[in-house]
Amino acid sequence: MSQDEHVDCSQALYRMSEYLDGEMTTEDAHEIARHLTECAPCLEEHEREQIIKQIIRRSCARETAPTQLRTTIMQRITTICDDGSWAEVTQVRRVSDG
Ligand SMILES: [Zn+2]
């Protein structure tokens, strides 16, 4: 993230998974965290993703098809938040996750 310090909603949502997994640099994580303190809708998505991750993690311990579950959940999110931007974000993420 080198352009400037501003993180917009699409970036925050797109990188939410990295953020939750601790896969980004401290600086980037800081920018996302700051955006979340300033943006209620993104904070809600953050909380929702956190809950989803917990569910997936829990079901990973018991079941052998977490990928299928994850895909189902992500599809459900896309359906719930069909304001366009979210559908785009989840599609990109699903592809990059393989
Ligand atoms: Zn936002």
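Is E18 buried, exposed or partly exposed, and how many C-beta neighbours does E18 have inside 10 Å? E18 counts as partly exposed because 15 C-beta neighbours lie inside 10 Å. The legends below refer to a predicted model.

**Figure 1. The whole predicted model holds 6 helices and 0 strands.** Along the sequence the elements follow the pattern α-α-α-α-α-α. Of the 98 residues in the protein, 14% are buried. Among contacts with a separation of 6 or more, 52% join residues 24 or more positions apart. The average pLDDT is 76, and 64% of the residues score at least 70. Helix α3 has the highest mean pLDDT among the elements, 95, while helix α6 (residues 85–97) has the lowest, 50.

**Figure 2. Residues 9–42 carry a UniProt domain annotation.** The unreviewed UniProt entry labels this span "domain: Putative zinc-finger". The span is 82% helix and 0% strand. Its end C-alpha atoms lie 7 Å apart.

**Figure 3. E18 sits in helix α2, residues 16–21.** Apart from neighbours within four places in sequence, the contacts of E18 are with E23 and M24. D28 is 10 residues away from E18 along the chain, and the C-alpha atoms of the two residues are separated by 9.9 Å. The count of 15 C-beta neighbours inside 10 Å puts E18 in the partly exposed class, because a residue is buried only at 20 or more and exposed at 12 or fewer.

**Figure 4. The largest nonpolar core is made up of 7 residues.** Its members are V7, A12, L13, M16, Y19, I32 and C42. Helices α1 (9–14) and α2 each supply at least two residues of this core. One core member, Y19, is in contact with M24, A29 and I32, leaving aside its neighbours within four places in sequence. I32 is itself a member of this core.

**Figure 5. Helix α3 runs over residues 26–38.** At 1.5 Å a residue, its 13 residues should span 18 Å; the end C-alpha atoms are 19 Å apart, which agrees. The buried residues of α3 are E31, I32 and H35. These residues lie on the same side of α3, because they cover an arc of only 95° around the axis. T26 and T37, on the other side of α3, are exposed.

**Figure 6. A33 is a further residue of helix α3.** How many C-beta neighbours does A33 have inside 10 Å? The number is 13, so A33 counts as partly exposed. M16 is 17 residues from A33 in sequence, and the two are 9.9 Å apart in space, C-alpha to C-alpha. M16 belongs to the largest nonpolar core.

**Figure 7. I56 lies in helix α4, residues 40–62.** I56 is partly exposed because 15 other C-beta atoms lie within 10 Å. Along the chain I56 and I73 are 17 residues apart, and their C-alpha atoms are separated by 9.3 Å.

Technical notes: Residues numbered from 1 in each chain as written. Predicted model: local features only at pLDDT ≥ 70, side-chain atom pairs only at ≥ 80, totals over all residues. UniProt positions renumbered as here; feature names shortened; annotations may be inferred. Helix = DSSP H or I, 4+ residues; strand = E, 2+ residues; numbered from the N terminus. Contact = placed C-beta atoms within 7 Å. Core = buried A, V, L, I, M, F, W, Y, C linked by C-beta atoms within 7 Å. Expected span 1.5 Å × (residues − 1). Arc of directions from axis to C-beta. pLDDT = per-residue confidence, 0-100.
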